[in-house]
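The following exercises train the reader to work through a protein model step by step. Please study the sequence and the structure before turning to the solutions.

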Amino acid sequence: MGLLRRHDEVPDGRRFMMREKLASIGDDSWIEDEQGQRLYKVDGKALRVRDTFILEDLQGHEVAKIQERKLRVRDTMEVERDGQTLATVHKALVGLRDRFHIEVEGGPELKAHGNVLDHEYEIERDGETVAHVSKHWFRIRDTYGVEVRGGEDEALLLALTVALDEMSHH
């Protein structure tokens, strides 16, 4: 497949560049491609009871809403599109490494595992990697990459990465 071979090119997908501390409440950040072209904006909504982030395309259209769910036993965030829940991210209660269980509405579940705090992890569906997050692709300080396998919903996987980033840093 080529996704995890760590070559310079991604023949089967796309690679995105994200900044550490990308998702700060009240701050806006950009998700760029490997050449530094802005593709998605992450808008951290301030003055809300729950942590909320809006992922927008270049035209300013909302492609996903990432929102913390309060009053849960474990950390939970939901990703919505057009008012419908796309996925719910749950943090595992035990374990030394970060593990997250992702329920996808109308589809197979996803799992994120690895070192989420240090941006070195994978998102898998049925044992197949659909996205890989790593700091190794970019030499820019405080930057990490998200490689999304071709044919996947890249906006959803980028929104999940924002949610995982927020959950692992709180």
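**Exercise 1. Determine how far apart the closest N and O atoms of Arg-69 and Glu-80 are, and state which parts of the chain this pair ties together.**

Solution. Step 1: Arg-69 forms a salt bridge with Glu-80, and the closest N and O atoms are 2.9 Å apart. A salt bridge is here a side-chain nitrogen of Lys or Arg within 4 Å of a carboxyl oxygen of Asp or Glu.

Step 2: Arg-69 lies in the loop between strand S5 (62-68) and S6, while Glu-80 belongs to strand S6, so the pair ties together parts that are eleven residues apart in sequence. Helices (H or I, at least four residues) and strands (E, at least two) are DSSP runs, numbered from the N terminus.

Step 3: Arg-69 and Glu-80 are both buried. Buried means under 20% relative accessible area, exposed over 50%, and partly exposed in between (1.4 Å probe, protein chains only). Arg-69 counts as buried because its relative accessibility is 14%.

Two remarks on the basis of these values are needed. The model is predicted, so local features need pLDDT of at least 70 and side-chain atom pairs count only at pLDDT 80 or more, whereas totals for chains, interfaces and linings use all residues. Residues are numbered from 1 along each chain as its sequence is written, and side-chain values use heavy atoms, with hydrogens and water left out.

**Exercise 2. Describe the salt bridge between Arg-69 and Glu-78, and decide whether Glu-78 is buried or exposed.**

Solution. Step 1: The side chains of Arg-69 and Glu-78 meet in a salt bridge of 2.9 Å, N to O.

Step 2: Glu-78 has a relative accessible area of 11% and is therefore buried.

**Exercise 3. Identify the parts of the chain that the pair of Asp-153 and Arg-81 ties together, and classify the accessibility of both residues.**

Solution. Step 1: Asp-153 forms a salt bridge with Arg-81, with the closest N and O atoms 3.1 Å apart.

Step 2: Asp-153 lies in the loop between S12 and H1 and Arg-81 lies in strand S6, so this pair ties together parts that are 72 residues apart in sequence.

Step 3: The relative accessible area of Asp-153 is 32%, so this residue is partly exposed. Arg-81, at 23% relative accessibility, likewise counts as partly exposed.

Step 4: Another group is a network, in which salt bridges that share partners join Arg-125, Glu-128, Arg-149 and Glu-152. The count of salt bridges comes to nine.

**Exercise 4. Locate Arg-149 and describe the surroundings of its strand.**

Solution. Step 1: Arg-149 lies in strand S12, residues 143-149. With a relative accessible area of 15%, Arg-149 is buried.

Step 2: The side chain of Arg-149 makes a polar contact with the side chain of Glu-152 at 2.8 Å. A polar contact is a pair of N or O atoms within 3.5 Å; within protein, one must be able to donate a hydrogen and the other to accept it, and residues adjacent in sequence count only if both atoms are side-chain atoms.

Step 3: Both faces of S12 are covered, with Thr-143, Gly-145, Glu-147 and Arg-149 buried on one side and Tyr-144, Val-146 and Val-148 buried on the other.

Step 4: Strand S1 (residues 13-19) runs antiparallel to S12 and is joined to it by seven bridges; here Arg-19 stands opposite Thr-143. Strand S11 (residues 128-134) also pairs with S12 in the antiparallel sense, over four bridges, and His-132 stands opposite Glu-147. Two strands pair if DSSP finds at least two bridges between them.

**Exercise 5. State where Thr-76 lies and which residues it contacts.**

Solution. Step 1: Thr-76 lies in strand S6, residues 76-81. Its relative accessible area is 4%, so Thr-76 is buried.

Step 2: The side chain of Thr-76 makes a polar contact with the side chain of His-90 at 3.4 Å.

Step 3: Leaving aside neighbours within four places in sequence, Thr-76 is in contact (heavy atoms within 4.5 Å) with residues including Gln-67, Thr-88 and Met-167.

**Exercise 6. Compare the expected span of helix H1 with the distance between its end C-alpha atoms.**

Solution. Step 1: The expected span is 1.5 Å times one less than the number of residues.

Step 2: H1 (residues 154-168) has 15 residues and should therefore span 21 Å; its end C-alpha atoms are 21 Å apart, which agrees.

Step 3: H1 is mostly covered, as 15 of its 15 residues are buried.
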